[in-house]
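Grab the sequence and the coordinates and work through these exercises with a viewer open. Try each task yourself before reading the solution under it.

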Amino acid sequence: MSHPIASPSAARVRPDAPGALLAVLALALLLLSLPYPALQLAGEDGFTLNPVAWWAVQTVAPGWVAWGTGLATGMAALLALRATPGRAATLALMLLTVAALGGLIALTPTEEQGAVGSGFWLCTGAVALLALVTVARVSALPLPRGLDAASALLFGLWVLLFWELLTTAFAVPRVLLPPPSSVAVALWAHAATLRDDLVQTVGKAVLIGYALGCGLGVAVGIAIDRLPFLQRGLLPVASLTSTVPLVGVAPIAVMWFGFDWPSKAAVVVLMTFFPALISTLAGLGAAGKLERELMFSYAASDRRTLLDLRLPVALPFIFNALKVNATLALIGAIVAEFFGSPTVGLGFRISTEASRMNMPLVWATIVVASAVGMLAYALLGRLERRVNFWHPAIRAAA
């Protein structure tokens with residue numbers, strides 16, 4: 001029985017299209033997969049493996065799923081070869097590739113039913129190449145400013161889908177690496193618990209510790225810059241805060257401030273203080289000699305020079321510290337909760353559920369923490385573009 005996939009001679013390769021060579025390789029892998037068995041299904045005794053071709057798959061999933069998977073893969077490869085890289089063609093290519101990958105996930109048998117065959121893996125390789133083509137096509141499109149992260153989001157989608165496929169095909173135990181579908185189920189089932197954990201860790205410990213640590217770092221940096229004797233006496237002492245190990249200071253903070261959020265906020269203050277201090281000092285020293293001489297020629301006081309010249313020049317350095325501290329604060333609060341916390345918090349949830357081997361919920365908690373960190377970084381980046389609009393780097397990016 002012939003497979004409903006057109007031959008590569010029917011396509012006119014467009015060498016100017018991004019990923020055209022990958023599309024040729026994908027079509028070749030798809031055609032090569034046809035003579036090989038797609039699945040190896042278990043026999044009646046549970047041990048004998050019977051090779052099953054694409055067009056004969058009936059046990060694990062309906063046959064039309066297998067046919068549709070091959071057809072979607074072939075159409076995507078031909079579209080990548082023939083179509084001009086436009087928005088509509090790229091969207092169609094992406095939808096066909098997603099459909100093909102979804103079909104492969106649906107075809108994957110359980111460990112009791114059998115295993116995937118060589119034809120399955122060849123088709124998976126073809127879909128993986130087409131996924132790379134979609135990322136290249138989206139990156140080459142002239143997208144509006146609000147969609148400039150589309151290629152990164154698409155790459156993340158492919159990572160999740162192939163993660164689901166590979167963990168299912170290799171029958172990876174969930175205690176080692178759960179599939180994204182299990183993590184999504186855990187996110188939905190434990191949404192209320194994760195919300196309370198988020199409020200405890202981020203709404204209290206991270207925000208308060210982050211504000212105090214960054215604020216103290218900037219204030220002490222300005223004081224050290226204004227008073228040179230502090231640079232000789234206070235700066236070496238402040239540098240000690242960057243060398244104190246987190247796993248060493250977290251239990252001490254719990255003993256001093258208790259098991260609730262103040263001890264975690266103290267750890268966050270300690271972690272975010274020194275980066276803010278060093279960045280502030282570097283920024284205050286970045287003002288050029290000509291600019292400072294100009295302020296001196298205008299008889300500007302030290303306070304006026306600080307407010308009108310040196311602090312604006314230091315803002316890019318300070319924002320860099322704020323963005324770095326946004327992730328450090330979250331990490332510090334979560335790790336501090338490992339050493340003692342009330343029965344709520346992201347770190348407490350990770351530690352407790354890991355001991356229970358409930359890895360989908362552990363990964364769901366990690367996803368929540370990562371999403372908060374990325375959101376905080378993105379918001380600070382947007383604020384930086386508004387505040388430092390005058391900076392050449394911001395103007396070049398715009």
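**Exercise 1. Work out how helix 7 packs on helix 12, and what the contact is made of.**

Step 1: get the geometry. The axes of helix 7 (residues 191–226) and helix 12 (residues 302–336) come within 9 Å of each other and cross at roughly 145 degrees. Here axes are lines fitted to C-alpha atoms, for helices over the stretch in contact, and angles run from 0 to 180 degrees between N-to-C directions. Helices (H or I, at least four residues) and strands (E, at least two) are DSSP runs, numbered from the N terminus.

Step 2: get the hand. Helix 7 passes helix 12 in a right-handed crossing, that is, the near helix is turned clockwise from the far one by less than a right angle.

Step 3: list who touches whom, with contact taken as heavy atoms within 4.5 Å. From helix 7, the residues involved include Thr201, Val202, Tyr210, Ile222 and Arg226. Their counterparts in helix 12 include Asp302, Leu306, Arg310, Leu322 and Ala333.

Step 4: sort by class. The contact of helix 7 with helix 12 splits into 16 nonpolar, two polar and four charged residues. Ala, Val, Leu, Ile, Met, Phe, Trp, Tyr, Cys and Pro count as nonpolar, Asp, Glu, Lys and Arg as charged, and the others, Gly among them, as polar.

Before going on, a word on the ground rules. This is a predicted model, so local features need pLDDT of at least 70 and side-chain atom pairs count only at pLDDT 80 or more, while totals for chains, interfaces and linings use all residues. Residues are numbered from 1 along each chain as its sequence is written, and side-chain values use heavy atoms, with hydrogens and water left out.

**Exercise 2. Do the same for helix 7 and helix 10.**

Step 1: helix 10 (residues 261–284) packs on helix 7 at an angle of about 35 degrees, with the axes 6 Å apart.

Step 2: this crossing is right-handed too.

Step 3: by class, the contact has 20 nonpolar, seven polar and three charged residues.

**Exercise 3. Decide how far to trust the chain: which helix has the lowest mean pLDDT, and which the highest?**

Step 1: pLDDT is the predictor's confidence in each residue, from 0 to 100. The chain averages 82, and 85% of the residues score at least 70.

Step 2: among the elements, helix 15 (residues 392–397) is lowest with a mean of 64, and helix 6 (residues 180–189) is highest with 92.

Step 3: check the start of the chain. The pLDDT is below 50 over residues 1–13, even though this stretch has 30 contacts in the model beyond near neighbours in sequence. Where pLDDT is low, the predicted coordinates should not be read in detail.

**Exercise 4. Find the residues that touch the most other members of the largest nonpolar core.**

Step 1: a nonpolar core is a set of buried Ala, Val, Leu, Ile, Met, Phe, Trp, Tyr and Cys residues joined through side-chain atoms within 4.5 Å. Buried means under 20% relative accessible area, exposed over 50%, partly exposed in between (1.4 Å probe, protein chains only).

Step 2: the largest core has 38 residues, and Leu39, Leu101, Leu104, Phe120, Trp158 and Phe162 touch the most other members.

Step 3: see which elements feed this core. Those supplying at least two residues each include helix 1 (20–33), strand 1 (39–42) and helix 5 (150–169). Helix 4 gives the most, with ten residues.

Step 4: apart from this core lies another, of 31 residues, among them Ala186, Val202, Val268 and Leu306.

**Exercise 5. Is Gly332 buried or exposed, and what does Gly332 touch?**

Step 1: place Gly332 in helix 12. Gly332 is buried, at 0% relative accessible area.

Step 2: leaving out residues up to four places away in sequence, Gly332 touches Leu246, Val267 and Met271. The C-alpha atoms of Gly332 and Val267 are separated by 6.4 Å, although the two residues are 65 apart along the chain.

**Exercise 6. Look up phi for Ala171 and Met357, then their exposure.**

Step 1: Ala171 has a positive phi of about 55 degrees, and Met357 has one near 60 degrees. Most residues other than glycine have a negative phi.

Step 2: Ala171 sits in the loop between helix 5 and helix 6 and is partly exposed at 37%. Met357 sits in the loop between helix 13 and helix 14 (359–387) and counts as exposed at 55%.
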